Amino acid sequence: MFRVSRKPAIDTTAKLVVVAVGMFAFVFVVMVPLYNVLCDALGINGKTSGQAYTAAQSGVDESREITIQFVATNNEGMPWEFGPGDRIMKVHPGAANTTIFHARNPLPEAMVAQAIPSVSPSRAAEYFHKTECFCFNQQPLDGETSAEMPLQFIIDRDLPRDIRTITLSYTLFDVTAMAGDAVATR
Amino acid sequence: MGDHAHGPAKGLSRWLFTTNHKDIGTMYLWFSFAMFILGGSFAMIIRAELFQPGMQLVEPGFFNQMTTLHGLVMVFGAIMPSFVGLANWMIPMMIGAPDMALPRMNNWSFWILPPAFLMLASTLFMEGGAPGFGWTFYAPLSTTYAPPSVTFFIFAIHILGLSSIMGSINIIATVMNMRAPGMSYMKMPLFVWTWLITAFLLVAVMPVLAGAVTMMLMDIHFGTSFFSAAGGGDPVLFQHIFWFFGHPEVYIIILPAFGVVSQIIPAFARKPLFGYDSMVYATAAIAFLSFIVWAHHMYTVGMPIAGELFFMYATMLIAVPTGVKVFNWVTTMWRGSLSFETPMLFCIGFLILFTIGGFTGLMLSIAPADFQYHDSYFVVAHFHYVMVAGAVFSMSAAVYYWLPKWCGRMYNETMGKTHFWISFIGFNITFFPQHFVGLAGMPRRIPDYALQFADFNMMSSIGAFIYGASQILFLYNVVATIVSGKPVSDDKVWDGAEGLEWTVPTPAPYHTFEVPPKIDPAHAHT
């Protein structure tokens, strides 16, 4: 057994200090990344991937039609007008689809927003592939201007057959204060 | 020896600079009792407000501060330091060691506690008030929406976490290195065993708590987004980290209580503890399981069904080693020559009420049922049955049991028994009705409630005042014993008591076991 000190009590203490420091580090270097990786990989909490989807889909599954519902919510204190261009779309798995979200900044000053997606049922999150999304980046808007923000997505052909309706919800956060920091990962 | 000092130093410096495990244990015990009174008075304000429906006495914001501080002060200020104090007093005397392994660190781990709680209590007088986000301080309530005083709260948690880590390292170093020759691990008294395992839990999870509050600090002041969805973080992450600490924490609180009960029941049943080995293994099993059940506190956050099932079954599994323990205590009493002095009464009270708390815990572990019970008064009733009737009752038992050894005077038995019965009745009047209002849908942490809960809440409040008042009797009894109790001179204060602590003179001299005692190799565990 490795010994730090010839005094047994000091030896035990030194090892336990290493354990305590290690557990403190464990929170930051293991728990946080592991949580994010697991949520991304398993779609827990309805999280969709923060990266654009690039893999090719082999053909369109015309045998079934999936109803996609879009929901837009403003986080507390966010003054923008924010809403989906289409409230409902009917799509085939494997097909590439495009829609837009409207946003308008009613205040005189420029602001930066960040949209956070969530998919329900959460089981569907890993089958909801976005090839382009305004939620990948922070969205700046000058005062009293509006914008149309694009969203392109593909529903995976492997989507479980019992899922017929998917709801994609965006919550819009005001990140003007933290804009410029490289904190947004999705 | 020559001019080597044997007695304590004089005056205030004795307490400030002491490295004596008995002095430090005494300070821990008195400090924790002071915190018990402080946290108890917060509870009295809560129950006074809830005496009748409608807003009666305090503002809703202040009510939230009371529930928050009541939880924090009781968990971190009263229960945990009281058992650390007991460990300081008893572990060296139980294993035949002259003192703790790291006496100077021992002094530090106590003396950083009072400033931490002074800081926490001072937030009550700050602009924006004290933290009001519950003792579980879920983000974003404790980050985005927190009062400015949250920074002081974070610093206080850091300090008391450091104190706990130092205290537990000291206990592990003492138990592993300073046992008298011949005292193998499986001969240690069960209180020493449960504390050894508790100390390992503390070293493992207090840094996790420190990590959680550090992340809060960084989110609030340094622009990170660990718990902020806008920046790519996730508030649910906070709950996972908190309960990864929080569930082992509840066993940190209850395992030393198990140890106390395992010492006292054999003494008053006049039989050795039944199933010593299984007690040790059950304790270790509970400690291991405590790391893999944390998400049963958060069934309603939206977990995958596989997660709910895993955490449900793992949680139910804990009932097995806990059942082993309850079985062993009952079997120790079976056909024993029982007598019912105050410590034994508190242990039997513990046994009955803790088991009720265990059963309600089993109810809460059932994920589909928990959706109904979650954040209701049923949960409040459950954890007070295990925290108060579990930890606090066993602590009262410990004080009555060892007080004659500590100060060489006998407490007033009639007053002790009166304390027990008032506590037992007051406790049940307080918390038993809370099961009913909880199942009927009364949420926890609210200052007002629907009219149909009025009668049970009034009962609860009356019970709480009775229970609170009984603690004043306890304080009086202890002080009266120390000042003018009937002197006892027998080494073995209780005829059925076993263990090395009963081989030293009464009252225990300032230094004990400067020469290690001889352990009879044929003698079983003590």
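**Cores, sheets and the contact between chains A and B**

In this predicted model, the largest nonpolar core comprises 177 residues, and the residues with the most contacts inside it are B:Ile79, B:Val192, B:Ala212, B:Ile264, B:Cys347, B:Phe350 and B:Ala397. The element that gives the most to this core is helix H14 of chain B, which spans residues 377-407 and gives 23 residues. For B:Cys347, when neighbours within four places in sequence are left aside, the contacts are B:Val261, B:Ile264, B:Ile265 and B:Ala397. Two of these partners, B:Ile264 and B:Ala397, are themselves listed with the residues that have the most contacts inside the core. Another core lies apart from this one and has 31 residues, among them A:Ala113, A:Ala125, A:Met149 and A:Ile155. As a general background to such groupings, nonpolar side chains in soluble globular proteins tend to be buried together.

Two positions in chain B illustrate how burial and contacts can be described residue by residue. B:Ile197 is found in helix H7 of chain B, which covers residues 190-221, and this residue counts as buried because 23 other C-beta atoms lie within 10 Å, where 20 or more are required. Once neighbours within four places in sequence are set aside, B:Ile197 is in contact with B:Leu255, B:Thr283, B:Ala284 and B:Ala287. Between B:Ile197 and B:Trp135, which are 62 residues apart along the chain, the C-alpha atoms are separated by 25 Å.

The second position, B:Gly416, is found in helix H15 of chain B, residues 413-439. B:Gly416 is likewise classed as buried, because 25 C-beta neighbours fall inside 10 Å. Residues touched by B:Gly416, not counting those up to four places away in sequence, are B:Thr342, B:Tyr400, B:Tyr411 and B:Asn477. Although B:Gly416 and B:Leu345 are 71 residues apart in sequence, their C-alpha atoms are 9.6 Å apart in space.

Chain A is divided into domain 1, residues 1-42, and domain 2, residues 48-174, and the centres of these two domains, taken over C-alpha atoms, are separated by 40 Å. The strands of chain A described below are arranged in two open sheets. In general, the strands of a sheet pair through backbone hydrogen bonds, either parallel or antiparallel.

One open sheet of chain A has 4 strands in the order E2-E4-E8-E6, and the pairing is antiparallel. Its edge strands, each of which pairs on one side only, are E2 (81-84) and E6 (128-133) of chain A. On average, and with direction ignored, neighbouring strands of this sheet are turned by 25 degrees against each other. E6(A) and strand E8 of chain A, residues 146-155, run antiparallel and are joined by 5 bridges, and A:Glu132 stands opposite A:Gln152 in E8(A).

A further open sheet of chain A is formed by 5 strands in the order E3-E1-E9-E5-E7, with mixed pairing. Here the edge strands, again each pairing on one side only, are E3 (88-91) and E7 (139-141) of chain A, while neighbouring strands are turned against each other by 30 degrees on average, direction ignored. Strand E1 of chain A, residues 66-74, pairs with E3(A) in the antiparallel sense over 4 bridges, and A:Gln69 stands opposite A:Ile88 in E3(A).

Within this 5-strand sheet, E5(A) is mostly covered, since 7 of its 10 residues are buried. E5(A) runs antiparallel to E7(A), to which 3 bridges join it, and the bridge partner of A:Ala113 in E7(A) is A:Gln139. E5(A) also pairs in the antiparallel sense with strand E9 of chain A, residues 165-174, over 8 bridges, and in E9(A) the bridge partner of A:Ala115 is A:Leu172.

The two chains also meet, and 29 residues of chain A are in contact with 29 residues of chain B. On the side of chain A that touches chain B, the elements giving two or more residues are helix H1 (8-42) and strand E5 (111-120) of chain A. H1(A) gives the most to this side, with 16 residues. By residue type, the side of chain A that touches chain B divides into 21 nonpolar, 6 polar and 2 charged residues.

Terms used:
Residues are numbered from 1 along each chain as its sequence is written. Chains are lettered from A and ligands numbered from 1 in the order in which they are written. This is a predicted model: local features need pLDDT of at least 70, side-chain atom pairs count only at pLDDT 80 or more; totals for chains, interfaces and linings use all residues. Two residues are in contact if their C-beta atoms, placed from the backbone, lie within 7 Å. Ala, Val, Leu, Ile, Met, Phe, Trp, Tyr, Cys and Pro count as nonpolar, Asp, Glu, Lys and Arg as charged, and the others, Gly among them, as polar. Domain bounds come from an automatic or database domain assignment. A nonpolar core is a set of buried Ala, Val, Leu, Ile, Met, Phe, Trp, Tyr and Cys residues joined through C-beta atoms within 7 Å. A residue is buried if 20 or more other C-beta atoms lie within 10 Å of its own, exposed if 12 or fewer, and partly exposed in between; C-beta atoms are placed from the backbone. Two strands pair if DSSP finds at least two bridges between them. Axes are lines fitted to C-alpha atoms, for helices over the stretch in contact, and angles run from 0 to 180 degrees between N-to-C directions.
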